[in-house]
Amino acid sequence: MDRGRRPDHRPRPGGPIASASAPLRARPDGLIDADAMPAFPLMAPRLQGELGPDGTLRLAVWGVGEAGSLRIAGLAGPFVVAPNRLRGEGGAAGLALAQSAPVLAIRGARAERVHIEGAGHMVVAPRPEGLLVAAGMDAAEAQQGLALDFAQIEREADAYAAACDLLPSADPLLRGLVIQGAHAARSSVRGYPNGAFAGLSAGLAYSSPPRTYYRDGYWTMPLLLRLDPAVAAAQIDLLATHVQDDGEAPSGVIIACPHAEAFEALRLTEPALAAAHWRPGEWWSDHFDSPLFFVLAIGDHAATTGDDALARRHWPKLTAIFRRYLALRGPDGLPVKPHNDRDWADNVFRQGLVSYDLGLWVGALEVLSRLGATIDAALAAEAEGEAAAARAAIDRTLRRDGVMVDYLRSDGWAEPHLALDAMTLLRFDAVADERAQVMLEQAREHLESRRNADQPYGDFGMLSVWPPFADRAALRAKSAFPYRYHNGGDWPWLDGLYAAERLRRDLGGWRYPLVRWWAACLERGWAGPVEHFSAPFGRGSLLQAWSSLPAAVALTWAERVLAGDPGEA
């Protein structure tokens, strides 16, 4: 089990790519054509689920967990797939998920093998048009869904899908990527039964216990800041509740609800859980990157809105984070990551100076310097000086034969491979432009699978590292396998990070990382942005929130993206 990402009782979707669903096709309107039932995710503020190619629908409720499953009979292809909307042949059959209540309408179908399970309350109600399936934390919430009729549910689903169409003049593949990315980000905004904000979900896999992450939330915010900055502010305020007085922060925050109370009771009686989740309301305590993402999120919100109220409100926590990382500095003047697996690469024990984390550190220093100028001038000046020193130390210590290494251990050994997450050094201007250009060229030649003849899986997308980790003792779980997970799998958020740096520098060759992963999803029958995938091992969960980053990149650089990629070959 990846204890930082998901509980062990949740069924894992996916499998070998050879067993994937029938291929899907991008339509000019940005929707998806499917000859047969695809792997189809559903998510709204309360209700979420996944409809499998065999017609099995599994549902869960945010803050509650699993509600039940049923097999749907009578839905025949071909289908047109939209966010939270599936239309069958001729439009007489299909599925729609409401936004205002936890209910979905399945037109022209019947239910087989209904299983009510878990803590959620699920009701399957036959109607003349087909089925209404509602779920909630209790019978009363489920009944709210059953009060809606087919027409209202379908109107809500259609309006939601239309609102996700944010780049309508793009080509079919890119238009669909943006629609699905907007869906992944918007549907991550979860709610309590009364409609109050209940955090950003990282995706379908995070309702038991319900939790929201610092890093996943940060990479989801570029799109949400464009659509609704108030949601980003609410997320920041929620995450602030678990930034400790010494600047420590966990991987994620567990959302307050009855299910969280049950998890807390279990944590108090299970030593293994208590060892990972130290305090009530924390999911995997003391993550090295989480406090830095908190600072960066406040900086991005202020830059977007022109409002520094969040920074002023949370300045004591920002100060504590600054002091925490200063105390972690080693002989080179850079914060040293302990020997643990507690940053985004949570299957890898990276110790020492980690390029990915140091990029975040420089970015956080720039935020503190910029916002502190009108809040705390002394700290701002100190942060500015630390940023300059950090840039010099990064170039001096992490460069090996022209390559910025993944990490440099305190014993002097360096993991020499190229790592796509080192693009944080570029995003936050932690390296000089000359060095950035070299890193981008290295990524183009070795991390784009189409150009790397030394990896055996052809043109499937981006490699997160190349070659696989030499430090095999540092690996655990899925990342122990070459080309899998952190050890070379394709992560759409990293692809977006890389594409953005090419676009920002007016370099060609951005389209491949921006869209190839989405083409791979369609080729394999996955009707939603995946968390990650691997050519030999399959995919992670569908509808992953931070996989919206490529869509946010396309929208940020829309004029250039719509003009086409002069470097595409």
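**A polar contact at E50 and the surroundings of D138**

The side chains of E50 and R539 are joined by a polar contact of 3.2 Å. The model in which this pair appears is a predicted one. E50 belongs to strand β4, which spans residues 47-51. With a relative accessible area of 19%, E50 counts as buried, because the cut-off for that class is under 20%.

A look at the neighbouring strand helps to place β4. Strands β3 and β4 make up a hairpin, with three residues between them. The two strands run antiparallel, and four bridges join them. Within this pairing, F40 of β3 is found opposite L51 of β4. Strand β3, residues 40-43, is covered on both faces. On one side sit F40 and L42, and on the other P41 and M43, all of them buried. The hairpin thus offers the reader a handy frame for finding E50, which is itself a residue of β4.

A second site worth a visit is D138, located in the loop between β13 (130-136) and α1 (139-146). How buried or exposed is D138? Its relative accessible area is 35%, so D138 is classed as partly exposed. The side chain of D138 places a polar atom 2.9 Å from the backbone nitrogen of E141. D138 can also be viewed together with G120: 18 residues separate the two in sequence, while their C-alpha atoms are 6.8 Å apart in space.

Definitions and conventions:
Residues numbered from 1 in each chain as written. Predicted model: local features only at pLDDT ≥ 70, side-chain atom pairs only at ≥ 80, totals over all residues. Heavy atoms only, no water. Buried < 20%, exposed > 50% of the residue type's maximum accessible area, 1.4 Å probe, protein only. Polar contact = N/O pair within 3.5 Å; in protein donor to acceptor, adjacent residues only side chain to side chain. Pairing = 2+ DSSP bridges.
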